[in-house]
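Grab a pencil and open the viewer. Below are some short exercises, each with a solution you can follow step by step.

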Amino acid sequence: MNESPAMMTRQTIPLAAVTEHLRALGVERGGVLLVHTSFSNVAPIEEGPLGLIAALRDALGPAGTLVMPSMSDDDDQPFDPRRTSCIGMGVVAESFWKLPGVLRSDSPHAFAAIGPGAAHITADHPLEVPHGPDSPVGRVHDLDGQVLLLGVGHDADTTVHLAETIAGVRYRLPKYATVLRAGVPTRCEYREIDHCCQSFNLVDGWLEAEGRQRRGIVGHAEARLARSRDIVDVAVRRLRENATVFLHPPGVDAECDEARGSLNCEL
């Protein structure tokens, strides 16, 4: 991993200190924790990305379950949970799924997990509804898990897509993935909730107005911690007041314009 000039001037933080940062933030021992992270903001810490994973597991303890996104980077190739890269999710997520004992769901929208809840969280989930109730993020929600945003904001928070699904938003964009059917690579087309996610950062204010998010520093990064159910609750309430609250006004962003345009199409 190449270190940025900013990383090279920072002091390396020991793993024990990173674990204490996580505990002070409120990571629950024995709980379920879904993590989204940008390691370049956390680093340098002892043992690099693997050190961060070790600290997360230490904070959770042996009865805890650690979950990370593990989606495919290539929609044109069949997903193989034993080989397909997810480097687009970051070096920590890419390192995580390769570790002994980590389970990875068999889907282009994969998540990976380790711990007592891992098999349930990574069980089969539908391709056509990537982040609905019957998905890894939905199962973290059902298990009353926490969501840790480490060096990233809610614009990287997949749980907000779960809220959009539960709220029944109508905007969808055409997507495809390549899957193996009877051993033959097959293009599977579907319609997915998708748009620019910048406005997901509105969730910060909604959570904090109700005292439902904690902030702190983990490693060198700003961290946010909230319950999955709290994220979904505040987002669903706003979506039911304004179904397009997460879309930019017309003419600001092409992805959001496309999502708005889909509202005029039959779903």
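Keep in mind as you work that this is a predicted model.

**Exercise 1. Decide whether Phe246 is buried or exposed, and find its ring partners.**

Step 1. Start with accessibility. The relative accessible area of Phe246 is 0%, and buried means under 20%, so Phe246 counts as buried.

Step 2. Now look for ring partners. A search of the whole structure turns up 2 aromatic pairs. In one of them, the ring centres of Phe200 and Phe246 are 4.8 Å apart and the planes sit at 75°. Planes over 60 degrees apart count as edge-to-face, so that's what we call the pair of Phe200 and Phe246.

Step 3. Check where these two residues come from. Phe200 belongs to the loop between strand 7 (184-192) and helix 9 (202-209), while Phe246 belongs to the loop between helix 10 (228-241) and helix 11 (254-262). The pair therefore ties together parts that are 46 residues apart in sequence. Phe200 and Phe246 are both buried.

Step 4. Go on to Trp206. Trp206 and Phe246 make a tilted aromatic pair, with 5.7 Å from centre to centre and 45° between the planes. Trp206 lies in helix 9 and Phe246 in the loop between helix 10 and helix 11, so this pair links parts 40 residues apart in sequence. Trp206 is buried too, at a relative accessible area of 12%.

Step 5. Put the partners together: Phe200, Trp206 and Phe246 form one aromatic cluster.

**Exercise 2. Work out which residues of helix 9 are buried and what they pack against.**

Step 1. List the buried residues of helix 9: Val203, Asp204, Trp206 and Leu207. You've already met Trp206 as part of the aromatic cluster.

Step 2. Look at what surrounds them. The buried residues of helix 9 pack against helix 8, strand 8 (214-218), strand 9 (221-227) and helix 10.

Step 3. Step just past the end of helix 9, and you'll find Gly211 with a positive phi of about 65°.

**Exercise 3. Describe how helix 8 and helix 10 cross.**

Step 1. Get the geometry. Helix 8 covers residues 159-167, and its axis comes within 8 Å of the axis of helix 10, crossing at roughly 45°.

Step 2. Name the arrangement. Helix 8 and helix 10 are therefore oblique to each other, and their crossing is right-handed.

Step 3. Find the residues that touch. On helix 8 they include Val160, Leu162 and Ile166, and on helix 10 they include Ile231, Val232 and Leu239.

Step 4. Follow Leu162 a bit further. Leaving aside residues up to four places away in sequence, Gly132 touches Leu162, along with Gly138 and Thr165. Gly132 sits in the loop between helix 6 (118-121) and helix 7 (136-142), and its relative accessibility of 2% makes it buried. Gly132 and Thr165 are 33 residues apart in sequence, with their C-alpha atoms 5.7 Å apart in space.

**Exercise 4. Do the same for helix 2 and helix 4.**

Step 1. Helix 2 (residues 15-25) and helix 4 (residues 48-60) pack with their axes 9 Å apart, at an angle of about 50°.

Step 2. That makes helix 2 and helix 4 oblique to each other. Their crossing is right-handed.

Step 3. Pick out some of the contact residues: Leu15, Val18 and Leu22 are among them on helix 2, and Gly51, Leu52 and Ala55 are among them on helix 4.

**Exercise 5. Hunt for charges that sit over rings.**

Step 1. Try Trp97. Arg104 lies over the face of Trp97, 4.1 Å from the ring centre.

Step 2. Try Tyr176. Here the charged end of Arg187 sits over the ring, 3.7 Å from its centre.

**Exercise 6. Find some unusual backbone spots.**

Step 1. Go to Pro44, in the loop between helix 3 (39-42) and helix 4. The peptide bond from Ala43 to Pro44 is cis, with omega near 0°.

Step 2. Go to Asp144, in the loop between helix 7 and strand 5 (146-150). Asp144 isn't a glycine, yet its phi is positive, at about 60°. With a relative accessibility of 28%, Asp144 is partly exposed.

Step 3. Finish at Ala182, in the loop between strand 6 (173-181) and strand 7. Ala182 isn't a glycine either, and has a positive phi of about 55°. Ala182 counts as exposed, at 86% relative accessibility.

Terms used
Residues numbered from 1 in each chain as written. Predicted model: local features only at pLDDT ≥ 70, side-chain atom pairs only at ≥ 80, totals over all residues. Heavy atoms only, no water. Phe/Tyr/Trp six-rings, centres within 6.5 Å; stacked < 30°, edge-to-face > 60°. Helix = DSSP H or I, 4+ residues; strand = E, 2+ residues; numbered from the N terminus. Buried < 20%, exposed > 50% of the residue type's maximum accessible area, 1.4 Å probe, protein only. Lys NZ or Arg CZ within 6 Å of the ring centre and 35° of its normal. Axes fitted to C-alpha atoms, helices over the stretch in contact; angles between N-to-C directions. Parallel < 35°, antiparallel > 145°, perpendicular 65-115°, else oblique. Left-handed = near helix turned anticlockwise from the far one by under 90°. Contact = heavy atoms within 4.5 Å.
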